[in-house]
Structures are given as structure tokens and as C-alpha cells.
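Reader: I have a model open on my screen and would like to learn how to read it. Could you take me through it feature by feature?

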Amino acid sequence: MAYCINSDVVSEFKKLDVTTTTLVTTADIDQFILEADVVINSYVRQKYTLPITDTDALLLLKFCSRILAAERVKGILSAKQAVNDKANQDTRGSGFSKTDI
């Protein structure tokens, strides 16, 4: 049982369209949710019996799952959209040019 669903993760982003052909696909998000839930369960299982049935606890687990999956999406989007605004503009290298002498 997943703690959150695809649309929960997508709701963390403004203007994010997710389809089967976008940079982050619906299948990717489903996989991120599955992996997040495995991590959550590995911690929860140490102290409590699974499955968790308390309503408040399920809301907390849904929040954790949504945030963990959304961070994975954010990482992919930020890596793909990153801009090197501090690029080295010195294309001549470290040697002297005629104008430096």
C-alpha cells in the first residue's frame, strides 16, 4: 500500500506537467513513491507493527512519502535545468596576450 499517489507528488510543484513522455514520467514518480515507502517502512518497522492503521499516523506517513518522492523529482528537474552562471570567461588561458605586455 502506497502512502501517497502520483498526483500528491505532482501537487508539490507549480506548472509541472507529467506524462509518459516528459523528463520525469508518471512511471518515474510511481517508482519514487515505492522507494520512499520502502525507506519509511524500514524505519517504522523497527518500532511498530505494520501496516499502520491510525488515521493521524497515515497522514504523517503520506506527508513523508510525498516529500521524499518530490525531492527526487526536484533533483532531476534542477539538474536538467541548471545553468552555469559563473563560467570561466577567460578563453585565452593563463598565458599573456599581446595586449597584456
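Author: Gladly! Let's start with a ruler check on a helix. At 1.5 Å a residue, the 19 residues of helix 2 should span 27 Å, and the end C-alpha atoms are 27 Å apart, so the two values agree. Keep in mind as we go that this is a predicted model.

Reader: How many helices and strands does the protein chain have?

Author: The count is 3 helices and 0 strands. Followed along the sequence, the pattern reads α-α-α.

Reader: Which residues of helix 2 are buried?

Author: A general idea helps here. An α-helix has 3.6 residues a turn, so residues three or four places apart point the same way. In helix 2, the buried residues are Ile29, Phe32, Ile33, Ala36, Asp37, Ile40, Asn41 and Val44. For the protein chain as a whole, buried residues make up 27% of the 101 residues.

Reader: Next, the interior. Which residues of the largest nonpolar core touch the most other members?

Author: The general idea is that in soluble globular proteins, nonpolar side chains tend to be buried together. Here the largest nonpolar core has 13 residues, and Val9, Val24, Ile29, Ile33 and Val73 touch the most other members. Helix 1 (6-10), helix 2 (26-44) and helix 3 (55-81) each give two or more residues to this core. The largest share, 4 residues, comes from helix 3. Apart from this core lies another one, of 5 residues, including Ile40, Val44, Ile52 and Leu61.

Reader: If I click on isoleucine 29, what is it in contact with, leaving aside neighbours within four places in sequence?

Author: You will find Asn6, Val9, Val10, Val18, Val24 and Val73. For the chain-wide view, take the contacts with a separation of 6 or more: residues 24 or more positions apart account for 71% of them.

Reader: Now the start of helix 2. Is threonine 25 buried or exposed?

Author: The cut-off for buried is under 20% relative accessible area. Threonine 25 has 14%, so it counts as buried. This residue lies in the loop between helix 1 and helix 2. Not counting residues up to four places away in sequence, threonine 25 touches Val18, Thr19 and Thr20.

Reader: And what does threonine 26 touch?

Author: With that sequence limit of four places again, threonine 26 touches Asn6, Val18, Thr19 and Thr20. Threonine 26 lies in helix 2, and is partly exposed, with a relative accessible area of 26%. The C-alpha atoms of threonine 26 and asparagine 6 are separated by 7.0 Å, although the two residues are 20 residues apart along the chain.

Reader: Let's turn to charges. How many salt bridges are there in the whole structure?

Author: A search finds 3 salt bridges. When you read one, check the atom distance, where each partner sits, and how accessible each partner is. Take lysine 62 and aspartate 8, whose closest N and O atoms are 3.8 Å apart. This pair links distant parts of the chain, with lysine 62 in helix 3 and aspartate 8 in helix 1, 54 residues apart. Lysine 62 is partly exposed at 29% relative accessible area, whereas aspartate 8 counts as buried at 15%.

Reader: Which residue does arginine 66 meet in a salt bridge?

Author: Its partner is glutamate 12, at 2.6 Å from N to O. Arginine 66 lies in helix 3 and glutamate 12 in the loop between helix 1 and helix 2, so this salt bridge ties together parts 54 residues apart in sequence. Arginine 66 is buried, with a relative accessible area of 18%, while glutamate 12 is partly exposed at 36%.

Reader: And what is the salt-bridge partner of arginine 72?

Author: That is glutamate 35, and the closest N and O atoms are 2.5 Å apart. Arginine 72 is in helix 3 and glutamate 35 in helix 2, so the pair ties together parts that are 37 residues apart in sequence. Arginine 72 is partly exposed at 38% relative accessibility, and glutamate 35 is also partly exposed, at 30%.

Reader: Last, the outside. Which residues form a nonpolar patch on the surface?

Author: Val39, Tyr43 and Leu68 do, with about 310 Å² of accessible area together. Valine 39 is found in helix 2 and counts as partly exposed, at 43% relative accessibility. The protein chain exposes about 7800 Å², and carbon and sulfur atoms supply 56% of that area.

Key:
Residues are numbered from 1 along each chain as its sequence is written. This is a predicted model: local features need pLDDT of at least 70, side-chain atom pairs count only at pLDDT 80 or more; totals for chains, interfaces and linings use all residues. Side-chain values use heavy atoms; hydrogens and water are left out. A nonpolar core is a set of buried Ala, Val, Leu, Ile, Met, Phe, Trp, Tyr and Cys residues joined through side-chain atoms within 4.5 Å. Buried means under 20% relative accessible area, exposed over 50%, partly exposed in between (1.4 Å probe, protein chains only). Contact means heavy atoms within 4.5 Å. Accessible areas come from the Shrake-Rupley method with a 1.4 Å probe; for residues, only the protein chains shown count as cover. Patches are made of residues with over 30% relative accessible area and no salt bridge: like charges are joined within 9 Å, nonpolar side chains (Val, Leu, Ile, Met, Phe, Trp, Tyr) within 5 Å. A salt bridge is a side-chain nitrogen of Lys or Arg within 4 Å of a carboxyl oxygen of Asp or Glu. The expected span of a helix is 1.5 Å times one less than its number of residues.
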